[in-house]
Amino acid sequence: MMDKEVEKSLAMRDLDLDSRPREKATTLGFQALSPAELLASIIGSGTPGENVSVLCQRILSDHDNKLYNLARCSINDLCNNYKGIGKVKAIKFLATLELARRYQQESLGDRFKIRNAEDAYRYIKPKIADLPNEVIDVILLNRRKEVIHWKRVSSGGVSFSLADVKMVLKPAIEYLADGMILTHNHPSDNPNPSTADDNLTAKVKAACTALDIQLVDHIIVCRGGKYYSYVDEGRL
């Protein structure tokens, strides 16, 4: 059994180390902190024998050092897999990542202009790339290719999402859109379209043509900058 004085000494050492990310932020600014240190400054403390920075780095390492992988965790995932991460700390973790996602969305500004598939990916990625299930969204555009609205039209399971063409077109009609970009995510991070994706594209294109709405593109969204554009591939 650990001597009480030794245990107390270790606890004091960990307390001192736990405070360092915040001290570093105060002295050098948040830009000087690593992702693990930023997370550590939010949750505040680790456990006896593992200070908060080491704990946060271990959590990041378990997720390939990618914040977007960590963003897919649930509160229970963090609580059950990491000693020292209780419900409150898990909520702080995930709330911080959600704030970062929303900041990224806001930074694009209103009336964001979509000139190509890369612009469309930049716009929609924060909304759907990190989701654990497949969803279908539409981006509605005016004649100048500026975004006038975004709408989720279907939400499904891990590998597929059912789409009703009428529901896909409904927002475009309601907002009198001149153009529309069909988007959906692949949680597997494989951007290649399936036969179902091809069939949906064909049906939506036919419906858009009948309603005099331009189907500007169909973008399949994955993480890490990966996407598939039907226009770029010459298939729309």
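Does I59 count as buried or exposed, and at what relative accessibility? I59 counts as buried, at 0% relative accessibility. That residue is a good way into this predicted model, so to speak from the inside out.

**Overview**

Let us set the scene. The protein has 236 residues, of which 42% count as buried. Its secondary structure consists of 10 helices and five strands. Among the contacts with a separation of 6 or more, 58% are made by residues 24 or more positions apart. The mean pLDDT is 87, and 89% of the residues reach 70 or more. One stretch calls for care: over residues 10–17, pLDDT stays under 50, and the model has eight contacts beyond four places in sequence for them. Where pLDDT is low, the predicted coordinates should not be read in detail.

**Helix α4 and I59**

Back to our opening residue. I59 sits in helix α4, which covers residues 52–61. Leaving aside neighbours within four places in sequence, I59 is in contact with L70, L78, Y82, I85 and F93. One of these, L78, is 19 residues away along the chain, and its C-alpha atom is 8.7 Å from that of I59.

I59 has company in the helix: V52, S53, L55, C56 and L60 of α4 are buried as well. Seen down the axis of α4, the buried residues fall within an arc of 160°, so they line one face of the helix. At the N-terminal end, N51 acts as the cap of α4, with a side-chain oxygen 2.9 Å from the backbone nitrogen of S53.

S53 also leads to another helix, because it turns up in the surroundings of E37, a residue of helix α3 (residues 35–43). Setting aside residues up to four places away in sequence, E37 touches P21, K24, A32 and S53. With K24, the E37 side chain makes a polar contact, side chain to side chain, at 3.1 Å.

**The sheet**

What is the order of the strands in the open sheet? The five strands run β2-β1-β3-β4-β5, with mixed pairing. β2 (147–155) and β5 stand at the edges with a single partner strand each, so one side of each has no neighbour in the sheet. On average, neighbouring strands of this sheet are turned by 20° against each other, direction ignored.

The pairing of β4 (residues 214–221) with β5 is antiparallel and spans three bridges. Here I220 stands opposite Y228 in β5. Helix α10 (residues 195–210) packs on the sheet, where it touches β1 (135–141), β3 (179–185) and β4, and its direction makes about 160° with that of β4.

**S229 in the edge strand**

S229 belongs to β5, which covers residues 227–229. S229 is buried, with a relative accessible area of 2%; the cut-off for buried is under 20%. Not counting residues up to four places away in sequence, S229 touches A117, D217, H218 and I219. The S229 side chain makes a polar contact with the side chain of D217 at 2.6 Å, and also reaches the backbone nitrogen of V231 at 3.3 Å.

The side-chain distances described above are gathered here.

| Side chain of | Reaches | Distance |
|---|---|---|
| S229 | side chain of D217 | 2.6 Å |
| S229 | backbone nitrogen of V231 | 3.3 Å |
| E37 | side chain of K24 | 3.1 Å |
| N51 | backbone nitrogen of S53 | 2.9 Å |

Definitions and conventions. Residues are numbered from 1 along each chain as its sequence is written. This is a predicted model: local features need pLDDT of at least 70, side-chain atom pairs count only at pLDDT 80 or more; totals for chains, interfaces and linings use all residues. Side-chain values use heavy atoms; hydrogens and water are left out. Helices (H or I, at least four residues) and strands (E, at least two) are DSSP runs, numbered from the N terminus. Buried means under 20% relative accessible area, exposed over 50%, partly exposed in between (1.4 Å probe, protein chains only). A polar contact is a pair of N or O atoms within 3.5 Å; within protein, one must be able to donate a hydrogen and the other to accept it, and residues adjacent in sequence count only if both atoms are side-chain atoms. Contact means heavy atoms within 4.5 Å. Two strands pair if DSSP finds at least two bridges between them. Axes are lines fitted to C-alpha atoms, for helices over the stretch in contact, and angles run from 0 to 180 degrees between N-to-C directions. pLDDT is the predictor's confidence in each residue, from 0 to 100. The arc is that of the directions from the helix axis to the C-beta atoms.
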